[in-house]
Structures are given as structure tokens and as C-alpha cells.
Amino acid sequence: MSRRSTGRVVVVLGASSGIGRATAVTLARRGDTLVLASRSADALADVERECRAAAQGRSAGRSGRRSTGPTGDAARRVSVVPTDVSLRSSVEHLFRVTLERHGRIDAVVHSPAVVAYGTFEQVPAEVYDQVVTTNLLGAANVARLALQTFKDAGGGHLVLVGSLLGKIATPFMSSYVTSKWGLHGLARTLQAEVRYVRGVHVSLVTPGGVDTPIYAQAASYARREGRPPIPVDPPEKLARAIVRVLDHPRRETSVGLANHVWTAGFRFMPAVYDVLVAPAMSRAGLSMTPSPQDHTGNVFAPVPAGEATHGKWGRHWMRGVAVGGAGVAALAAVVAGAALRSSTEDAGRS
Ligand SMILES: NC(=O)c1ccc[n+]([C@@H]2O[C@H](COP(=O)([O-])OP(=O)(O)OC[C@H]3O[C@@H](n4cnc5c(N)ncnc54)[C@H](OP(=O)(O)O)[C@@H]3O)[C@@H](O)[C@H]2O)c1
């Protein structure tokens, strides 16, 4: 990974946990000026310290000095603004404070999301609505301010973090799937609209399964805790992809070895996909850990104690199921390949 300094001013939303947190630390290491946002001031304070240490490590590395704690420069380059993306006024406050502090915003990385497990009917309406509001309308709140800021300044880059579940559907996560399909639609629409606006870019990054706390933080009405689909990537891999995209805007960047297999199965063999997806989700998308009581997780308010860079689904844990996962992926690839061949033959005949 390139460690050249870009000197950008970057707002990272969802910076207190998982992919957003890993991205913030990676950007700090490169010397960018960061404004970190999410709801929890406590969790943000921890990330602020991590980022200042990363920024300090970079300056110490360049000068050959030993690091003795953040210098004034490293400290000035990282700050926090507690923000709830589901509230337009809160997002407006974030942009206003950032512009007052730094005079400009070069890029915005938008990563926040919440999850609720359970069938459509099990998940209470207010929980469903809040998931969609946070994940979709929250992104719209941020995009509106980001694009206006970029247009006023003559350029800027918005990176939206979508999901494999913005391209396929799965049971037990209807509010999340709905919000992510909406987010992908928003991203593609914005890309078309800024196509001829000089210097303004919108990129979409689409993760598959990633080892973050999002699964343990989720609301659950399914009596079981969620878990990432295999293969599971570390959040640092997503951070590297996001940083690459920041340097080189791209319409869409998919991160996850099995993403294309799942998407092909969903698009080309919908009937087979529908037969397989509920049992697959029940076995691979929900853990064996019982979730004894229905609970709202972090949907309405942050749970700072659960916020971290990593979840509990690291590669060491996944080795046992990786073989089974590879088998499922290979089967899906065969099915998708057969579907592709038959649709090509049909097209050739007609
Ligand atoms: N992990 C995966 O397997 C996976 C797979 C595909 C896509 N993704 C996507 O990747 C992105 C990051 O997910 P992650 O796995 O890193 O999750 P995570 O570890 O749970 O982090 C989510 C972040 O969003 C923030 N957030 C939640 N509600 C918010 C709100 N209303 N306003 C502002 N910030 C809010 C959280 O902080 P507070 O609670 O303090 O606000 C936290 O910083 C999400 O868009 C997710 O959909 C993840």
C-alpha cells in the first residue's frame, strides 16, 4: 500500500467501529486530516487516540525520531464530531464544524449501518423503519451535504459503503437488504448525475462478509445472533480497498471472493437460489449462539462497549467451516455457469 501523504481533509462516518475505524487508522497513517463521526463520543475518543498514534508513527518514521505520544501536528490532524446520520440537523452540524475547522472537505467516506435479524413480520415496525432510515436516508443526508460542498469547492469524492446484500436478497434481514438495495440505487443515480460535474466523484464499495462487531451489535428477533457469510475478510482489507478507491475513483469495487458467485446465482438461477438461500442463511448467516430475548441492539442508540475494529469471526475461527464454504461456493459457481451457458444458447437460438 502506498504511504504517500495526500494531505486531504477526509470525513469518515461510522468511524468508531469495524470498516470505518480501520479506514480511519489507515488514512491517519498516510497523513490525511481526519474528522471522525458516529453517534458514540466515547468510542470516537478511542479511535481518535488510535488515529493520532498512527499519524504520529508516520511522522516519527519520516524523521527517524522515536514516538513519545502525539505531537501537536498529529493531534491537530484528527478530531471528532459525534453525529447521528439519521438526523439531518446532526449531519448539517458535522459539515458546518468541519468546514469551520479546516476550510474544506476533499472526501467523505460513508460507512454507518445497523442491522436487525428476524423475519419481516418478527421485526417491529419502528425497528425496521430505523434501520432503513439510518442506512438509506442517513446516506442521503450525507450525500446531499457532501455533493453541495464539493460543487461549491470545485471537486471532491464521496465513497459509499454498500453491501453484497445490496445486490442479492436473503431472509431474516429484510430491513437491511431493503436499505442496501436503496443505497446502491442512490449511488448509481448520483454517479449518473455527477458524470459531467468536473472534479466530483461518487464511488461504491461492496463488501461481502467482514469480521466486524456489526453482527453482535445488531437487533435480533430471530433468537439467534447473526454472523458474516463466508469467506470472511478482515476490516483492514476493506480499509485498503477504500483508500485505493479514494485515490482512483471507481463506479463499484467489490471486495469478497464469493460476491460474484452469489450475485450470478441470484440473477441467473432465481428459482434455485430461492430454494437454497433460506437453509443457507439459517446455517451460515445465523450463529449457533442463542439470543435469548428479543432486543434492539444498537439500532436506536450506540452500544460503545461493543465497538471495536474486529468482531469475533476472524480467520482462525473460520478454518473449520472454510472447506464447507468453498464447497457451497463451487456448487453455486457450477449452477451459475450452467445458467449462463443456457442463457447464451437461448440468445444464440433466437
Ligand atoms: N461487516 C460485514 O460483514 C459487512 C458486509 C457488507 C457490508 N458491510 C457494510 O460496511 C459498513 C460498515 O459496517 P461494519 O461491519 O464496519 O459495522 P460496525 O462495526 O457495526 O460499524 C458501524 C458504524 O456505524 C456507526 N453508526 C451506526 N448507526 C449510526 C448513526 N445513526 N449515525 C452515525 N453512525 C452510526 C456505528 O457507530 P455508533 O453506533 O457509535 O453510531 C459504527 O461506527 C456498513 O455500511 C455495512 O453495511 C459490512
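**Figure 1. In this predicted model, helix α1 gives the largest share of the shell around the ligand, three residues.** Besides α1 (18-29), the elements that each supply at least two residues of this shell are α5 (125-153), β8 (209-210) and α7 (214-217). There are 35 residues around the ligand, and those that come nearest are G18, R39, S40, A113 and T212. By type, the shell divides into 17 polar, 15 nonpolar and three charged residues.

**Figure 2. The protein chain as a whole, for orientation among the close-up views.** Eleven helices and 13 strands make up its list of helices and strands. The chain has 350 residues, of which 48% are buried. Taking contacts between residues at least 6 apart in sequence, 75% join residues at least 24 apart.

**Figure 3. The largest nonpolar core contains 93 residues.** Helix α5 provides the largest share of this core, eleven residues. V12, L36 and A116 are the residues with the most contacts inside the core. The view is drawn around A116 and its contacts. With residues up to four places away in sequence not counted, A116 touches V123, V127, Y128 and V131, and also S175, Y176, A218, A219 and V299.

**Figure 4. E48 is a residue of helix α2 (residues 41-63).** Is E48 buried or exposed? E48 counts as buried because 22 other C-beta atoms lie within 10 Å, and the cut-off for a buried residue is 20 or more. Leaving out residues up to four places away in sequence, E48 touches L36, V78 and V80. E48 and L36 are twelve residues apart along the chain, and their C-alpha atoms are separated by 7.5 Å. L36 also appears in the previous legend, as one of the residues with the most contacts inside the largest nonpolar core.

**Figure 5. Helix α4 (residues 88-102) has the end-to-end span expected from its 15 residues.** At 1.5 Å a residue the helix should span 21 Å, and its end C-alpha atoms are 21 Å apart, so the two values agree. Which residues of α4 are buried? They are V91, L94, F95 and T98. These residues lie on the same side of α4, because they cover an arc of only 90° around the axis. They pack against the strands β1 (9-13) and β2 (33-37) and against helix α5. On the face of α4 turned away from this buried side are the exposed residues S89, R96 and E100. G103 follows α4 and has a positive phi, near 80°.

**Figure 6. P229 sits in the loop between strands β10 (224-226) and β11 (232-233).** Why does P229 count as buried? P229 has 22 C-beta neighbours inside 10 Å, and 20 or more are needed for a residue to be buried. The residues that P229 touches, not counting those up to four places away in sequence, are G208, G209, A284 and G285. P229 and G209 are 20 residues apart along the chain, while their C-alpha atoms are separated by 5.0 Å. The residue range of β8, one of the elements that supply at least two residues of the shell around the ligand, is 209-210.

Methods: Residues are numbered from 1 along each chain as its sequence is written. This is a predicted model: local features need pLDDT of at least 70, side-chain atom pairs count only at pLDDT 80 or more; totals for chains, interfaces and linings use all residues. A residue is near a molecule or strand if its C-beta atom, placed from the backbone, lies within 6 Å of it. Helices (H or I, at least four residues) and strands (E, at least two) are DSSP runs, numbered from the N terminus. Ala, Val, Leu, Ile, Met, Phe, Trp, Tyr, Cys and Pro count as nonpolar, Asp, Glu, Lys and Arg as charged, and the others, Gly among them, as polar. A nonpolar core is a set of buried Ala, Val, Leu, Ile, Met, Phe, Trp, Tyr and Cys residues joined through C-beta atoms within 7 Å. A residue is buried if 20 or more other C-beta atoms lie within 10 Å of its own, exposed if 12 or fewer, and partly exposed in between; C-beta atoms are placed from the backbone. Two residues are in contact if their C-beta atoms, placed from the backbone, lie within 7 Å. The expected span of a helix is 1.5 Å times one less than its number of residues. The arc is that of the directions from the helix axis to the C-beta atoms.
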